[in-house]
Amino acid sequence: MEGAFGSDFGGSGSGKLDPGLIMEQVKVQIAVANAQELLQRMTDKCFRKCIGKPGGSLDNSEQKCIAMCMDRYMDAWNTVSRAYNSRLQRERANM
């Protein structure tokens, strides 16, 4: 049975591990985990902010609040991500 990394972790059938392929697969797994965490945090934060009394449906003001909250959260996330990536690039250039 093959897992997320394949039956031989990216080897060429000889049983050898391909460190480059494994590293790429780990990076993908980390990116997926980060996206899931972002979505969970955004959902929790916007739900607490916008939903007064949970019910069977959202009223118009709750829908607008959630849409705006999610937009602001994503804008803030993107701003922080760009700043972080820019800082990493500067630090790498100074090494």
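A salt bridge here is a side-chain nitrogen of Lys or Arg within 4 Å of a carboxyl oxygen of Asp or Glu. The views below come from a predicted model.

**View 1. Glu 24 and Lys 27 form a salt bridge in helix 1**. The closest N and O atoms of Glu 24 and Lys 27 are 3.7 Å apart, so the pair falls within the 4 Å cut-off. Glu 24 and Lys 27 sit three residues apart in helix 1, and therefore about one helical turn separates them. Both ends of this bridge have some accessible surface. Glu 24 is partly exposed at 44% relative accessible area. Lys 27 is partly exposed too, at 48%. A search of the whole structure finds three salt bridges, and Glu 24 with Lys 27 is one of them.

**View 2. Arg 41 and Glu 37 meet in a salt bridge on helix 1**. The N to O distance is 2.6 Å. Both residues lie in helix 1, four residues apart, which is about one turn of the helix. Glu 37 has a relative accessible area of 38%, so Glu 37 is partly exposed.

**View 3. Glu 91 pairs with Arg 87 in helix 2**. Here the closest N and O atoms of the salt bridge are 3.1 Å apart. Glu 91 and Arg 87 are four residues apart in helix 2, about one turn of the helix. Glu 91 is partly exposed, with a relative accessible area of 41%.

**View 4. Met 23, Val 26 and Ile 30 make a nonpolar surface patch**. Together the three residues present about 250 Å² of accessible area. Met 23 belongs to helix 1, which covers residues 19–50. The relative accessibility of Met 23 is 48%, so Met 23 counts as partly exposed. The cut-off for exposed is over 50%.

**View 5. Helix 1 and helix 2 cross obliquely**. Helix 2 spans residues 60–93. The axes of helix 1 and helix 2 come within 9 Å. Their crossing angle is roughly 140°. Angles over 145 degrees count as roughly antiparallel, and helix 1 and helix 2 are therefore oblique to each other. The crossing of helix 1 past helix 2 is right-handed.

**View 6. Cys 50 of helix 1 is a buried residue**. The relative accessible area of Cys 50 is 10%. Buried means under 20%, so Cys 50 qualifies. Cys 50 and Gln 63 are 13 residues apart along the chain. Their C-alpha atoms are separated by 8.3 Å.

**View 7. Cys 69 of helix 2 is buried**. Cys 69 has a relative accessible area of 5%. In sequence, Cys 69 and Met 42 are 27 residues apart. In space, the C-alpha to C-alpha distance between Cys 69 and Met 42 is 8.3 Å.

**View 8. Glu 62 of helix 2 is a buried acidic residue**. Its relative accessible area is 10%. That value is under the 20% cut-off, so Glu 62 counts as buried. Glu 62 and Cys 46 lie 16 residues apart along the chain. The C-alpha atoms of Glu 62 and Cys 46 are separated by 9.9 Å.

Definitions and conventions
Residues are numbered from 1 along each chain as its sequence is written. This is a predicted model: local features need pLDDT of at least 70, side-chain atom pairs count only at pLDDT 80 or more; totals for chains, interfaces and linings use all residues. Side-chain values use heavy atoms; hydrogens and water are left out. Patches are made of residues with over 30% relative accessible area and no salt bridge: like charges are joined within 9 Å, nonpolar side chains (Val, Leu, Ile, Met, Phe, Trp, Tyr) within 5 Å. Accessible areas come from the Shrake-Rupley method with a 1.4 Å probe; for residues, only the protein chains shown count as cover. Helices (H or I, at least four residues) and strands (E, at least two) are DSSP runs, numbered from the N terminus. Buried means under 20% relative accessible area, exposed over 50%, partly exposed in between (1.4 Å probe, protein chains only). Axes are lines fitted to C-alpha atoms, for helices over the stretch in contact, and angles run from 0 to 180 degrees between N-to-C directions. Angles under 35 degrees count as roughly parallel, over 145 as roughly antiparallel, 65 to 115 as roughly perpendicular and the rest as oblique. A crossing is left-handed if the near helix is turned anticlockwise from the far one by less than a right angle, and right-handed if clockwise.
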